[in-house]
Structure formats: C-alpha cells, structure tokens
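Work through the exercises below with the sequence and the coordinates open side by side. Try each task before reading its solution.

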Amino acid sequence: MEELVLHELLDRANTLFRQVGVGLIHEEQLAAALDLSPGGFRELFGSKAELLYAVTQRNLSRQRQEHEELFANLATPAECLLALLRHSLQELRRSPHHDYHVMRERYPATWNLIQDYLTTYSRPMLARLLQEGIREGQFRAELDAQSVAHVVLAQFSLVLNEQYFPPDQVSLADVYRTIFGPYARGLCTTAGLRLVGPLFDRL
C-alpha cells in the first residue's frame with residue numbers, strides 16, 4: 001500500500017481513538033470506519049494493538065516535527081518552554097477520551113513506546129531548555145536542570161494517573177494547566193517573567 005494512503009488510514013484511526021476512546025472501539029468497528037473488510041484490516045494492521053502502536057508512532061513523530069517548527073520561530077528558552085507546555089495542553093484537549101490508563105493496562109507495547117519517548121526525547125529536551133534558560137537568566141540560577149526535567153515528567157505522569165484524576169470525572173487538560181502553570185511560573189526569574197508573562201494567559 002502506498003505510504004500516503006497508509007498515513008491517511010492511520011490519521012483516520014487516530015481521530016477515532018481520540019473521539020471514541022482506545023478501550024471502547026473494537027477491531028470490527030475500526031475496520032468499518034476505515035472502509036476495510038475485517039480480513040483486509042488484519043492483513044494491513046494485524047490487530048487493534050498493532051494499529052494503536054502504529055498510530056502512536058506517527059503521533060510522536062508528528063509531535064517532534066511540531067516542536068521543531070515551534071522552536072524555529074521563538075527566540076529564547078523560556079518562550080520555547082512555555083510553547084512546549086501549551087502544545088502539550090492542546091494535545092490533551094484534543095484527546096478527551098484517549099484512555100491512557102487503558103493503554104497502560106491493555107496495550108503495554110504502546111505504553112512503553114510513550115514512556116521511551118518521554119525518557120529519551122522529552123526529558124533531554126526539557127533539560128536543555130532549562131539549562132539554556134538558566135544560563136541566559138530567564139530561569140532561576142539555583143535550579144538543577146536535570147532534576148527539574150525529571151519533576152516535570154513526574155508531574156505529567158501524575159496528570160495521567162486515573163486513581164487521582166479519573167478521566168471520566170475531570171478534564172485532564174484542566175488538571176495539566178492547574179499543575180504546570182504555577183510550576184513553570186515559579187521557575188522564572190523576574191526577567192524571565194517579563195519575557196513570557198503574557199504567555200501564561202494562553203495556557
């Protein structure tokens with residue numbers, strides 16, 4: 001199958017997962033929504049689990065590209081960090097039924113893919129932005145960039161913990177904004193706040 005067509009199918013499947021939820025939709029429903037027969041679906045994707053893995057791979061690749069595009073138009077580390085947080089918030093708002101806890105429990109390969117992305121890509125990127133911001137006087141000098149990056153990812157894991165924030169009872173996007181807005185503000189120096197203060201209003 002041509003790569004363009006495959007990407008279109010993955011994007012359509014991603015929309016379904018976002019709208020309906022990972023846990024609720026079955027392979028037969030996925031096949032019908034993608035205009036595939038059950039046999040064609042299995043031949044192309046293998047299973048729902050394999051489709052979800054491929055969709056997640058494409059999502060993570062898209063996110064990295066969008067980050068690069070964001071950073072290319074921003075001048076300072078503090079602006080980049082706020083843009084990154086805002087981008088993550090928008091991702092959560094677009095995925096009200098993504099069922100991260102279902103992914104963790106039923107689709108461990110996909111969940112591990114996300115954890116690897118956070119560890120090997122997100123954490124080093126956060127640490128780099130923080131270190132650059134400390135050096136330029138936008139973030140507080142006493143901060144340890146590696147430790148703060150670790151805390152940020154721990155906070156994100158907390159947002160996705162359904163025992164504390166059941167997704168059917170609370171908005172994960174609202175929880176994210178409540179946690180990260182004040183925390184990111186606290187990282188900034190007075191000079192950093194003058195630079196990015198208005199951006200907090202957009203979170």
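The exercises that follow move from the whole chain to one helix, then to the core and the cysteines, and they concern a predicted model.

**Exercise 1. Describe the overall architecture of the protein: which secondary structure elements occur, and what box do the C-alpha atoms fill?**

Solution. Begin with the elements: the protein has ten helices and zero strands, and reading along the sequence gives the pattern α-α-α-α-α-α-α-α-α-α. Next take the extent along the principal axes, where the C-alpha atoms fill a box of roughly 60 × 40 × 25 Å. Then turn to burial and surface: of the 203 residues, 46% are buried, while the accessible surface comes to about 10,800 Å², with 51% of that area belonging to carbon and sulfur atoms. Finally, consider the contacts between residues at least 6 apart in sequence, among which 68% join residues at least 24 apart.

**Exercise 2. Check the length of helix H9 against its number of residues, and find which of its residues are buried and what covers them.**

Solution. Helix H9 covers residues 172-187, which is 16 residues, and at 1.5 Å a residue the expected span is 22 Å, because the rise is multiplied by one less than the number of residues. The end C-alpha atoms of H9 are 22 Å apart, which agrees with that expectation. For burial, the list for H9 consists of Leu172, Ala173, Val175, Tyr176, Ile179, Phe180, Gly181, Ala184 and Leu187. To read the spacing in such a list, recall that an α-helix has 3.6 residues a turn, so residues three or four places apart point the same way. The cover over the buried residues of H9 includes helices H5 (77-93), H6 (100-106), H7 (108-135), H8 (145-159) and H10 (190-200).

**Exercise 3. Identify the residues that touch the most other members of the largest nonpolar core, and the helix that gives the most to it.**

Solution. The largest nonpolar core holds 63 residues, and those touching the most other members are Phe17, Leu51 and Phe139. Helix H7 gives the most to this core, with twelve residues. As background, nonpolar side chains in soluble globular proteins tend to be buried together.

**Exercise 4. Decide how many disulfides the model contains, and whether Cys80 and Cys188 are buried or exposed.**

Solution. The criterion is a pair of cysteine sulfur atoms within 2.5 Å, and by this rule the count is zero. Cys80 is in no disulfide, since its nearest cysteine sulfur, that of Cys188, is 13 Å away. Cys188 is likewise in no disulfide, its nearest cysteine sulfur being that of Cys80, 13 Å away. As to burial, Cys80 has a relative accessible area of 6% and is buried, and Cys188, at 8%, is buried too.

Notes:
Residues numbered from 1 in each chain as written. Predicted model: local features only at pLDDT ≥ 70, side-chain atom pairs only at ≥ 80, totals over all residues. Heavy atoms only, no water. Helix = DSSP H or I, 4+ residues; strand = E, 2+ residues; numbered from the N terminus. Buried < 20%, exposed > 50% of the residue type's maximum accessible area, 1.4 Å probe, protein only. Contact = heavy atoms within 4.5 Å. Core = buried A, V, L, I, M, F, W, Y, C linked by side-chain atoms within 4.5 Å. Areas by Shrake-Rupley, 256 points an atom, 1.4 Å probe, with all protein chains shown as cover.
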